Amino acid sequence: MGVTPGHDVVVVGGGIIGLAVAWRAAGAGRDVAVVDPDPGRGATWAAAGMLAPVAEAHFGEESLTALNVAAGRAWPDFARDLEAATGRTVHFRRDGTLLVAGDPSDRTATDRVLAFHQAMGLAAVRLGRSACREAEPLLSPRISGGVDLPDDHQVDNRAVATALLDACRTAGVTMIPDRVTRVGSAGGRVTGVVLAEGGSVGAASVVLAAGSRSGEVGGVPDSCRPPVRPVRGVTLRLRAPDGVPCLRRTVRALVHGRSCYLVPRDDGGLVLGATVEERGDGLEVPLGGVADLVEDARRVVPVLDEYSLLEVSPGLRPGTPDNGPIVGPTDLVGLLVATGHYRNGILLAPVTAAEVVALLDSDDCGTPPGLGPFAAFRPDRFAARGAGS
Ligand SMILES: Cc1cc2nc3c(=O)[nH]c(=O)nc-3n(C[C@H](O)[C@H](O)[C@H](O)COP(=O)(O)OP(=O)(O)OC[C@H]3O[C@@H](n4cnc5c(N)ncnc54)[C@H](O)[C@@H]3O)c2cc1C
């Protein structure tokens with residue numbers, strides 16, 4: 001159990017965020033290692049792959065919406081680069097999204113959201129029931145209309161994770177199948193990380209990208225510890241048997257005030273999601289939440305009754321006090337944080353990787369290069385508010 005030779009950068013966590021950072025940093029000429037006992041899984045594997053800056057725009061979250069819009073624009077190039085690097089397809093689809101209302105009171109709610117989207121200058125167009133069904137013939141005649149969101153797209157998140165693992169290997173990233181127990185430091189600067197199985201890995205910079213567990217890694221000064229919490233979500237993987245029709249595009253629905261989404265894959269698969277539960281870090285799957293999800297989805301897309309259930313996938317979203325990600329330098333020189341992406345980590349991976357690589361290029365990882373869309377999402381914002389949670 002010794003010290004593994006030093007790297008320029010060690011990334012703690014190989015979810016979509018850590019892998020995207022590692023791949024882009026290696027592409028920029030850095031010697032990079034990723035430490036993760038099970039890379040590519042975590043929330044990244046459970047997610048649905050929606051790239052939804054508009055549907056995820058909420059009242060009071062204007063800075064986050066601006067970041068999400070920038071993130072959506074970064075996806076075409078990121079997907080193209082990843083496919084070119086690996087020869088794999090990541091199934092990036094620009095079909096747009098339909099938001100549908102299950103009943104008249106849901107319609108009132110989607111109209112309110114529509115007005116908000118339009119006030120923000122986001123692309124959103126009100127559709128009547130028949131226009132919705134023309135766009136998506138599998139919708140039930142009982143829906144109350146909807147909204148076309150042409151700028152919300154999707155990617156196959158599992159294909160992205162697999163491609164990123166490939167791309168990292170090809171780019172020379174060292175993959176270390178272990179868990180980090182603590183970040184090492186001396187004289188106010190990081191020296192690397194300590195591993196659970198024993199030994200340590202030296203590095204000039206450490207990127208903390210351990211998703212919902214990012215706050216548990218030791219050796220991080222309290223002032224830099226990211227206030228992330230696990231927010232459990234469950235998706236279902238379904239498949240249309242031969243001869244049973246598939247959705248043309250992503251459908252998000254509001255049914256009796258509850259949200260669900262259906263994301264069709266190129267191969268006849270469909271991801272149905274998702275529950276949102278604040279119940280600690282367990283991966284149990286309470287039946288009630290899944291039953292509600294299935295009931296709501298069947299109400300808007302009745303043909304689902306003929307689909308096969310393949311998989312139930314729980315995951316832990318890295319939630320934060322203000323729902324925004326936590327990306328940037330910390331008081332500990334050389335320690336960068338890239339976590340807290342909550343409901344939008346797939347969407348935000350390309351811009352997060354670009355931001356971290358830019359920060360690694362700046363002096364001591366301590367000087368953010370200008371303002372940019374992450375300015376409102378620096379790690380020190382919680383201390384500045386005196387809240388921390
Ligand atoms: C049900 C569900 C649906 C979702 N749908 C979408 C969606 O449609 N679109 C979207 O944009 N986002 C979606 N998200 C959110 C998205 O999945 C997350 O924001 C994103 O995966 C976060 O990526 P991450 O790399 O930070 O975390 P994770 O993917 O959780 O990866 C963290 C990694 O860190 C590793 N790790 C943890 N602790 C340590 C340690 N001490 N040492 C080393 N490694 C460690 C873990 O093994 C894991 O591999 C969804 C999430 C869920 C749960």
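**Figure 1. Contacts of valine 357 in helix H8 of the predicted model.** Valine 357 touches Val21, Arg24, Ala25 and Ala28, with residues up to four places away in sequence left out of the count. The residue is part of helix H8. Valine 357 is buried, because its relative accessible area is 13% and buried means under 20%. Leucine 99 is a distant partner for comparison: the two residues are 258 positions apart in sequence, and their C-alpha atoms are 35 Å apart in space.

**Figure 2. The largest nonpolar core.** This core has 48 residues. Those with the most contacts inside it are Val11, Trp75, Leu82 and Leu164. Several elements each supply at least two of its residues: strands E1 (3-12), E2 (32-35) and E18 (335-339), together with helices H1 (16-27), H3 (62-86), H6 (157-170) and H8 (345-361). Which element gives the most to this core? Helix H8 does, with 10 residues.

**Figure 3. Surroundings of valine 11.** Valine 11 is one of the residues with the most contacts inside the largest nonpolar core. Not counting residues up to four places away in sequence, valine 11 touches Gly18, Val21, Ala22, Val32, Ala33, Val34, Val35, Val207 and Ala209.

**Figure 4. Leucine 270 in strand E15.** Strand E15 covers residues 269-273, and leucine 270 has its place there. Is leucine 270 buried or exposed? Leucine 270 counts as buried, because its relative accessibility is 3% and the limit for buried is under 20%. Beyond the residues up to four places away in sequence, leucine 270 touches Leu236, Arg237, Leu238, Leu247, Leu262, Val263, Pro264, Leu304 and Tyr307. Tyr307 also belongs to a second, separate core of 29 residues, which includes Val234, Val255 and Val303 as well. Serine 200 is 70 residues from leucine 270 along the chain, and the C-alpha atoms of the two are separated by 42 Å.

**Figure 5. The cis peptide bond between glycine 273 and alanine 274.** Most peptide bonds are trans. Glycine 273 and alanine 274, however, are joined by a cis peptide bond, with omega at about -15 degrees. Alanine 274 is located in the loop that runs between strand E15 and helix H7 (287-300).

**Figure 6. Two residues with positive phi, asparagine 323 and tyrosine 342.** Most residues other than glycine have a negative phi. Asparagine 323 is not a glycine, yet its phi is positive, at about 70 degrees. This asparagine is found in the loop between strand E16 (308-319) and strand E17 (326-329). Tyrosine 342 is likewise not a glycine and has a positive phi of about 45 degrees. The place of tyrosine 342 is the loop between strand E18 and helix H8. The burial of each residue follows from its relative accessibility: at 26%, asparagine 323 counts as partly exposed, whereas tyrosine 342, at 15%, counts as buried.

**Figure 7. Glutamate 216 and its loop.** Glutamate 216 lies in the loop between strand E11 (200-208) and strand E12 (229-239). Which residues does glutamate 216 contact, leaving aside its neighbours within four places in sequence? Glutamate 216 is in contact with Arg225 and Asp281. Arginine 182 is 34 residues away along the chain, and its C-alpha atom is separated from that of glutamate 216 by 8.8 Å.

**Figure 8. Proline 241 after strand E12.** The loop between strand E12 and strand E13 (250-255) holds proline 241. Proline 241 counts as partly exposed, because its relative accessibility is 32% and partly exposed covers values between the buried limit of 20% and the exposed limit of 50%. Apart from its neighbours within four places in sequence, proline 241 is in contact with Glu306, Tyr307 and Ser308. Proline 241 and valine 276 are 35 residues apart along the chain, with their C-alpha atoms separated by 29 Å.

**Figure 9. The whole chain as the setting of the close-up views.** The chain has nine helices and 18 strands. Its radius of gyration is 21 Å, which agrees with the value near 21 Å for a compact globule of 389 residues. Buried residues make up 55% of the chain. Of the contacts with a separation of 6 or more, 74% are between residues 24 or more positions apart.

Conventions:
Residues numbered from 1 in each chain as written. Predicted model: local features only at pLDDT ≥ 70, side-chain atom pairs only at ≥ 80, totals over all residues. Heavy atoms only, no water. Helix = DSSP H or I, 4+ residues; strand = E, 2+ residues; numbered from the N terminus. Rg over C-alpha atoms; globule rule 2.2 N^0.38 Å. Buried < 20%, exposed > 50% of the residue type's maximum accessible area, 1.4 Å probe, protein only. Contact = heavy atoms within 4.5 Å. Core = buried A, V, L, I, M, F, W, Y, C linked by side-chain atoms within 4.5 Å.
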